[in-house]
Amino acid sequence: MGFSMGLNFLLLMAMVATNILSLYHLSSTVQSPKSPKAPPPVPDELLRHLHTIRATINHLQQSSTGGANPATDTASTKPNIPSDLLLYSHISPIASSCHNHPDLLHKYMSYTPFTLCPSDSDLSEALILRGCHPLPRRRCFSRTPQKPTSSLPHNPFPASLPDSNVIWNKYSCKSFDCLNRQNPNLGFDPSREISKFTSYKSELDLPIQQLLQLVKSVKSVLRLGLDIGGGTGGFAARMKLYNVTVVTTTMNLAAPYSEAAALRGLVPLHVPLQQRLPLFDGVVDLVRCGHAVNRWIPLTMMEFLFYDVDRVLRGGGYLWVDHFFSKRIDLENVYAPLIGKLGYKKVKWATANKTDAGGVKNGEVYLTALLQKPMSR
Ligand SMILES: *[C@@H]1O[C@H](CO)[C@@H](O)[C@H](O)[C@H]1NC(C)=O
Ligand SMILES: *[C@@H]1O[C@H](CO)[C@@H](O)[C@H](O)[C@H]1NC(C)=O
């Protein structure tokens, strides 16, 4: 009963969202500045859509008054909403996040269908970061760079990336050189990255050779991986040399991270940290959480993130928490217990004082952990 009510509630939420979107489309047709005359007639398709929504709402209303399930007693006719649904819709409103930003969404959907899309990659970024994901589809042609080169590298560590294959107008830098001058550690100079993930300078490091060795020693294997918040795909690049396929979630925060990864021949997934990972259950051998996953993520959100990581990992798969940082006391009291909830085997667990970027003053520590998911639950 609780399940079917939960499902009904979800359906209802989805429909309300669809309804809102439909209304939005209707109202935007009416308000469109380009058509000051009488609004065009409502398309049949939309009317049919609204009809379906009304019919389903009627159906739900009938079933929530006890008609659908005669087995339940009349006292429990109130919908029993699962507490995690309430919690999650609070921290990441289901299907309504787009509607929470009508100004941005209005701008995003104000385009001329069947022509070139507006130059608004910053708008889609802004919407996705606010939880509007997936974005509504549009019927326009995305812009392309004017004179892209077709000689793209097969090597994920090329000497340089071609500037001509990126649309730069939304960024303050207009070349990869400029980005590298601003900060050589952002990952836009692949040749510089060749030593990343290979050296062991402190116990916080886990060189890939060692990672592969650890995995091999328990007769396991790495073939597929996911790098969460992986920037320009440095980890995926390195793993490619070992014939391991890693996809990278990345956002274009003030720089073309997605394009840079793609130019290296690596798959960039344009997904924010707060969204469900676009992978099926139990399909990857390894998930790495890099620098992007640290204490700045609200705790409940992080809990949903780790459980989603668990979902996509296969039994016996590995979670690599790479240079997670927080206050020492929070690691002890909050984050270590949170990670512990997963019930993974600690293959490696190393902490050390964070000595960079004000870490000493704030009593911060780094954690690098390699954890193995149980073979079966
Ligand atoms: C990756 O695969 C290629 C082609 O099958 C093979 O030649 C190469 O030795 C492999 N590399 C590693 C590190 O296994
Ligand atoms: C780490 O920092 C704490 C204080 O925050 C200090 O007591 C401890 O000695 C430091 N450990 C090392 C290895 O530097």
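Two strands count as paired if DSSP finds at least two bridges between them, and it is in this sense that strands are joined in the predicted model described here. One such bridge has Phe325 on one side and Tyr366, in β7, as the partner on the other, while Trp320 has Leu370 of β7 as its bridge partner. Strand β5 (residues 313–327) and strand β7 (residues 364–372) run antiparallel and are joined by eight bridges.

On the pairing with β4, the sense changes to parallel: strand β4 (residues 284–289) and β5 are linked over five bridges, and Leu286 finds its bridge partner in Tyr318 of β5. Between these two strands the chain passes through helix α10 (residues 299–312), and the resulting β-α-β crossover is right-handed.

These pairings belong to an open sheet of seven strands, in which the pairing is mixed and the order is β3-β2-β1-β4-β5-β7-β6. The edges are formed by β3 (268–269) and β6 (345–353), and because each has a single partner strand, one side of each is left without a neighbour in the sheet. Helix α11 (residues 328–340) packs on this sheet, where it touches β5, β6 and β7, and its direction makes about 165° with that of β5. Helix α10, which carries the chain from β4 to β5, lies across β1 (224–228), β4 and β5, and runs at about 155° to β5.

Turning from the sheet to a single residue, Ser191 is placed in the loop between α6 (176–182) and α7 (208–217). Is Ser191 buried or exposed? A residue counts as exposed if 12 or fewer other C-beta atoms lie within 10 Å of its own; Ser191 has 11 C-beta neighbours inside 10 Å, and therefore counts as exposed. Leaving aside residues up to four places away in sequence, Ser191 touches Phe157 and Ala159. Of this pair, Ala159 is 32 residues from Ser191 in sequence, yet the C-alpha to C-alpha separation is 5.2 Å.

Finally, the confidence of the prediction should be kept in mind when reading the model. The mean pLDDT of the protein is 84, and 78% of its residues reach 70 or more. Over residues 1–36, however, pLDDT stays under 50, although the model has 41 contacts beyond four places in sequence for this stretch. Residues 66–75 likewise have pLDDT under 50 throughout, and for them the model has eight contacts beyond four places in sequence.

Note on methods. Residues numbered from 1 in each chain as written. Chains lettered and ligands numbered in written order. Predicted model: local features only at pLDDT ≥ 70, side-chain atom pairs only at ≥ 80, totals over all residues. Helix = DSSP H or I, 4+ residues; strand = E, 2+ residues; numbered from the N terminus. Right-handed = clockwise from strand over helix to strand, strands pointing away. Buried ≥ 20, exposed ≤ 12 C-beta atoms within 10 Å, placed from the backbone. Contact = placed C-beta atoms within 7 Å. Axes fitted to C-alpha atoms, helices over the stretch in contact; angles between N-to-C directions. pLDDT = per-residue confidence, 0-100.
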